Amino acid sequence: MSATTTSATTTGAAKPSVHTGAGGVMNKPRGTIATIVMLILALLWLFPLLWALYNSFRSYSYTQTNGYLSFGGWTLENYQNAWDRGNFGLHLKNSLLITIPAVSLTLFLSSMVAFVLARFSYRFNLTLLGVFLAANLLPPQALLIPVFKMFREIPLPTFMSEGGTMLNSFWALILVNTAFQMGFCTFVLSNYMKTLPYEIYESAQLDGASVWRQYWQLTMPLVRPAMAALATLQVTWIYNEFFWATVLISKGDKLPVTSALNNLRGQFFADTNLVAAGSIIVALPVLIVFFVLQKQFVAGLTLGSTKG
């Protein structure tokens with residue numbers, strides 16, 4: 001009788017319990033439903049990109065004759081024509097000349113401000129952080145006229161701007177993107193730096209390390225995952241920025257690649273397959289950056305999530 005009871009107890013203990021409460025293990029039916037829902041959402045999210053990729057390899061005349069739901073009319077001419085008509089070589093170079101300095105300047109300045117906010121406590125600490133976040137709360141359209149007039153009055157040397165002002169120069173887009181993105185980066189980095197042990201700064205002070213050395217040689221190596229994650233996001237946002245480029249740049253040879261997509265539109269109609277090919281070309285650099293920094297991006301998002 002005792003052996004039977006022990007065996008039953010052991011068998012009962014071996015059965016895994018299924019928790020369905022908050023924070024518990026999801027049971028099988030709910031897990032299946034969640035998987036189906038996520039699969040549907042993923043397909044809805046990817047459908048525009050996959051549809052553009054599908055039609056970018058098809059002839060416009062074939063789709064006009066047989067409809068977009070047909071199958072066939074394969075060609076690679078759309079990519080060649082899009083590259084030539086859109087002058088993507090020039091505009092991709094413009095985007096690089098805007099994106100790389102803007103991202104570098106944004107991360108550098110944001111890390112300095114975040115270090116001060118996280119490292120030092122003073123009366124207006126939170127107020128300063130709120131000022132930096134305010135830029136993210138204002139819609140760009142509300143600042144269109146003031147920014148345009150301000151940049152029109154700011155003089156620049158002729159070697160920096162052909163027109164002698166901030167308008168129609170890469171500096172305008174670099175500065176405006178830096179100003180609008182610093183708030184978000186400062187917020188993320190300051191919260192990230194606050195998780196760093198305070199003891200390492202006390203040890204650095206005892207060793208005679210200056211504030212700059214604590215920032216550059218101590219803090220910056222520790223926040224590389226967060227910097228990589230932010231760099232990926234900033235490259236995506238600044239590279240794809242369209243609004244300020246059309247407002248502050250009026251010369252066609254200065255436009256970034258996203259604004260140059262307008263060159264693929266005709267006066268009376270648009271070859272949608274050609275535009276789809278151009279959109280795929282424009283999206284490739286961002287996809288390459290994401291896949292190159294994918295490991296660092298995920299690490300920057302998840303590091304610290306299990307602390308507590």
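A residue counts as buried under 20% relative accessible area, as exposed over 50%, and as partly exposed in between. Keep these limits at hand for the tour. The structure on the screen is a predicted model.

**Stop 1: Ala-179**

Select Ala-179, which is in helix H8. Its relative accessible area is 45%, so Ala-179 is partly exposed. Now add Phe-132 to the selection. Ala-179 and Phe-132 are 47 residues apart along the chain, and their C-alpha atoms are separated by 8.9 Å.

**Stop 2: the whole protein**

Zoom out and show the cartoon. The protein has 14 helices and zero strands. Colour it by accessibility next: of the 308 residues, 34% are buried. Consider also the contacts between residues at least 6 apart in sequence: 69% of them join residues at least 24 apart.

**Stop 3: the largest nonpolar core**

In soluble globular proteins, nonpolar side chains tend to be buried together. The largest nonpolar core here has 38 residues. To find its best-connected members, select Leu-107, Phe-151, Leu-173, Leu-189, Val-223, Trp-244 and Leu-248, which touch the most other members.

Which helices each supply at least two residues of this core? They are H5, H7, H8, H10 (211-222), H11 (224-239) and H12 (243-248). H8 gives the largest share, ten residues.

Keep Trp-244 selected and show what surrounds it. Leaving out residues up to four places away in sequence, Trp-244 touches Pro-140, Leu-143, Leu-144, Val-147, Leu-173, Val-176, Phe-180 and Ile-249. Apart from the core just visited lies another, of 16 residues, which include Ala-82, Ala-260, Val-282 and Val-286.

**Stop 4: H4 against H5**

Select H4 (77-86) and H5 (88-119). Their axes come within 6 Å and cross at roughly 65°. With 65 to 115 degrees counting as roughly perpendicular, H4 is therefore roughly perpendicular to H5. On the H4 side, the contact is made by Ala-82, Trp-83 and Gly-86. On the H5 side, look for Phe-88, Gly-89, His-91 and Leu-92. The residues of this contact between H4 and H5 are four nonpolar, three polar and no charged.

Between the two helices is a loop, and Asn-87 lies in it. Asn-87 is not a glycine, yet it has a positive phi of about 50°. Buried or exposed, or something in between? Asn-87 has a relative accessible area of 38%, so it is partly exposed.

**Stop 5: H4 against H13**

Keep H4 and add helix H13 (residues 272-292). The axes of H4 and H13 come within 8 Å and cross at roughly 75°. H4 is therefore roughly perpendicular to H13. From H4, select Asn-78, Tyr-79, Asn-81, Ala-82, Trp-83 and Arg-85. They meet Asn-273, Leu-274, Ala-277, Gly-278, Ile-280 and Ile-281 in H13. This contact of H4 with H13 divides into seven nonpolar residues, four polar and one charged.

**Stop 6: Ser-56**

Go to Ser-56 in helix H2 (residues 28-56). Ser-56 counts as buried because its relative accessibility is 0%. Show side chains and select Tyr-79 as well: a polar contact of 2.6 Å joins the side chains of Ser-56 and Tyr-79.

What else does Ser-56 touch, not counting residues up to four places away in sequence? Besides Tyr-79, Ser-56 touches Thr-75, Asn-78, Asn-273, Ala-276, Ala-277 and Ile-280.

**Stop 7: Asn-168**

Move to the loop between helix H7 (144-153) and helix H8 (170-193), where Asn-168 is found. Asn-168 has a positive phi of about 60° although it is not a glycine. Its relative accessibility is 19%, so Asn-168 counts as buried.

**Stop 8: Val-292**

Return to H13 and select Val-292, which has its place in that helix. Is this residue buried or exposed? Val-292 is exposed, because its relative accessible area is 58%. Finally, add Thr-232. Val-292 and Thr-232 are 60 residues apart in sequence, and the distance from C-alpha to C-alpha is 9.5 Å.

Methods:
Residues numbered from 1 in each chain as written. Predicted model: local features only at pLDDT ≥ 70, side-chain atom pairs only at ≥ 80, totals over all residues. Heavy atoms only, no water. Helix = DSSP H or I, 4+ residues; strand = E, 2+ residues; numbered from the N terminus. Buried < 20%, exposed > 50% of the residue type's maximum accessible area, 1.4 Å probe, protein only. Polar contact = N/O pair within 3.5 Å; in protein donor to acceptor, adjacent residues only side chain to side chain. Contact = heavy atoms within 4.5 Å. Axes fitted to C-alpha atoms, helices over the stretch in contact; angles between N-to-C directions. Parallel < 35°, antiparallel > 145°, perpendicular 65-115°, else oblique. Nonpolar A, V, L, I, M, F, W, Y, C, P; charged D, E, K, R; others polar. Core = buried A, V, L, I, M, F, W, Y, C linked by side-chain atoms within 4.5 Å.
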